[in-house]
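Me: Please take me through one part of this protein slowly, starting from a single side chain and working outwards. I am new to this, so please explain each term when you first use it.

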Amino acid sequence: MGTRRFRWTPARVILLAFFSQILVGALLLCLPFATRTGESVSFLDAMFTAASATCVTGLALFDTVQQWSWFGQGVILLLIQVGGLGVITMAMAAAIFSGRKIGLKQRFFLQESLSAPQMGGVLRLTGFILKMTAIFEGAGILALALRFCPEMGLARGLWYAVFHSVSAFCNAGFDLMGCRGESFVSLTHYAGDPVVNLTVMLLIILGGLGFFTWYDLKMHRLHFRQYALQTKIILVVTGLLLVLPAVYLFFVEFSQPQWASLTAGERFWAALFQSVTPRTAGFNTVPLPLLSPVGAMLLVCLMLIGGAPGSTAGGMKVTTVAALALSVRAAFRRQDTPRCFGRRLPKETALYVGALLFLYLGLFLVSGAVICLAEGVSLEAAFFETASALGTVGLSMGITPELGPVSKVVLMTLMFFGRVGGLTMMYALTQEGRGSVSQLPEEKITVG
């Protein structure tokens with residue numbers, strides 16, 4: 001009497017699946033032959049790397065190519081691919097290809113993992129996701145190979161093309177460019193290269209739009225009016241978040257004295273690239289410590305927003321930000337519900353948006369303060385790092401390799417939270433409420 005039985009809800013299965021993948025990845029990275037030197041790294045460092053790869057973040061304690069052997073790099077790449085598409089999605093795909101029958105319970109879990117609007121057709125959607133992933137990543141590999149192979153040789157160039165295509169599409173941000181002898185340089189040597197910039201940016205955008213968005217675009221082609229409301233919001237908000245920051249970066253940020261060495265072409269590509277990558281890929285083509293405080297703040301905001309639901313991106317999601325803005329507009333107009341594109345959002349949407357905003361901002365501020373106190377770094381650098389982890393971005397001001405155990409655990413927790421999702425985490429850690437026909441008396445309070 002009075003006790004509740006533990007139930008394996010979809011949220012809890014997703015949580016366990018991601019944690020299990022991180023644990024297995026950490027054990028593999030602890031093996032001596034996973035490193036170039038043959039010396040095992042500590043379990044905490046292996047766990048951090050596995051969490052960063054599984055949560056497609058890109059924050060790294062070591063330069064990937066200088067620290068990890070071919071085996072270690074392969075483990076990281078596999079963690080990125082599975083983590084980007086979702087552990088449950090990949091497990092169900094394997095079951096489908098093996099001919100196993102998928103029951104209603106498994107379809108329900110798959111629906112939650114993909115953020116699909118309904119259970120019907122979820123297996124067809126899974127097949128479509130795998131097909132489009134292969135097409136996008138394959139095209140990225142081909143384009144990058146044309147750039148890397150002449151520079152690095154056939155075998156190495158192909159491996160670099162594969163690694164960076166998967167890392168970009170899954171919005172991970174891991175790179176192998178430390179081969180030049182410099183650590184943590186990301187794609188700074190390709191700041192003005194149109195092929196590398198365009199390929200990586202397109203892969204990041206396609207990965208961050210969301211699986212359901214692709215499917216909607218495939219079904220309705222260019223007929224914008226026929227798209228689902230979620231697709232319309234994702235496309236419009238994504239477009240605004242790409243164009244407006246790029247304009248600011250080009251005309252304001254990169255016109256400052258510290259960027260005088262950039263040519264006009266490099267400024268153009270750098271502005272575009274740095275408007276794309278904070279949501280939520282983690283590559284960079286310019287040294288981030290040179291950013292002005294306002295430029296850094298802009299990137300922090302973009303990192304916290306993230307990409308679309310059911311995508312390879314993290315963050316609060318563009319739909320959350322859109323719903324928040326629509327709720328504010330509805331409040332100013334004294335409307336009972338937010339409205340957009342001739343539709344109205346459910347009243348509970350504002351409740352969920354408020355909860356997510358409180359969670360993300362609370363974690364961001366508290367974690368930044370903890371890292372600032374524990375490491376003695378500036379609050380700006382600490383907040384940049386926590387926003388990067390929470391948004392599963394991977395951009396860094398360069399302090400990650402020097403962090404102590406407490407800060408590493410903080411960032412791992414943020415990466416896990418950001419990848420799994422705020423609502424999923426809340427649903428997994430709380431008991432389901434029981435419905436009741438009776439309600440408490442209502443009483444108004446003054447707000448604002």
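Reply: Contact here means heavy atoms within 4.5 Å. This is a predicted model, in which local features need pLDDT of at least 70 and side-chain atom pairs count only at pLDDT 80 or more, while totals for chains, interfaces and linings use all residues. Residues are numbered from 1 along each chain as its sequence is written, and side-chain values use heavy atoms, with hydrogens and water left out.

Let us begin with F384. If we leave aside its neighbours within four places in sequence, F384 is in contact with L288, A296, L299, V300, M303, L395, S396 and M397. F384 is also among the residues with the most contacts inside the largest nonpolar core, together with I80, F148 and W214. Such a core is a set of buried Ala, Val, Leu, Ile, Met, Phe, Trp, Tyr and Cys residues joined through side-chain atoms within 4.5 Å, and this one has 127 residues. Helix α7, residues 122-152, gives the most to this core, contributing 11 residues. Another core lies apart from it and has 5 residues, including M92, I102, L110 and V122.

From F384 we can widen the view to helix α16, which covers residues 379-390 (helices are DSSP runs of H or I with at least four residues, strands are runs of E with at least two, and both are numbered from the N terminus). Helix α16 has 12 residues and reaches 16 Å from its first C-alpha to its last, close to the 16 Å expected at 1.5 Å a residue, where the expected span is 1.5 Å times one less than the number of residues.

Helix α16 is mostly covered, since 10 of its 12 residues are buried (under 20% relative accessible area, with exposed meaning over 50% and partly exposed in between, for a 1.4 Å probe and protein chains only). The buried residues of α16 are A381, A382, F383, F384, E385, T386, A387, S388, A389 and L390. What covers these buried residues includes three other helices, namely α13 (293-305), α15 (348-375) and α17 (405-420). After α16 comes T392, whose phi is positive, near 50 degrees.

Helix α13, one of the elements covering α16, leads us to the loops on either side of it. The loop between α12 (264-276) and α13 holds T280, and a cis peptide bond with omega of about -5 degrees joins R279 to T280. In the loop between α13 and α14 (318-332) we find K317, whose phi is near 90 degrees, a positive value in a residue other than glycine. With a relative accessible area of 14%, K317 is buried.

F341 also has a positive phi, near 50 degrees, and is a residue other than glycine. Its place is in the loop between the strands β1 (339-340) and β2 (343-344), where F341 is partly exposed, with a relative accessible area of 38%.

To finish, we return to W214, which was named with F384 among the residues with the most contacts inside the largest core. W214 forms one aromatic cluster with F136, F169 and F211, where rings of Phe, Tyr and Trp (its six-membered ring) pair if their centres lie within 6.5 Å, and planes under 30 degrees apart count as stacked, over 60 as edge-to-face and the rest as tilted. A search of the whole structure finds 17 aromatic pairs. In one of them, the ring centres of F224 and Y227 are 5.7 Å apart with planes at 70 degrees, so the pair is edge-to-face.
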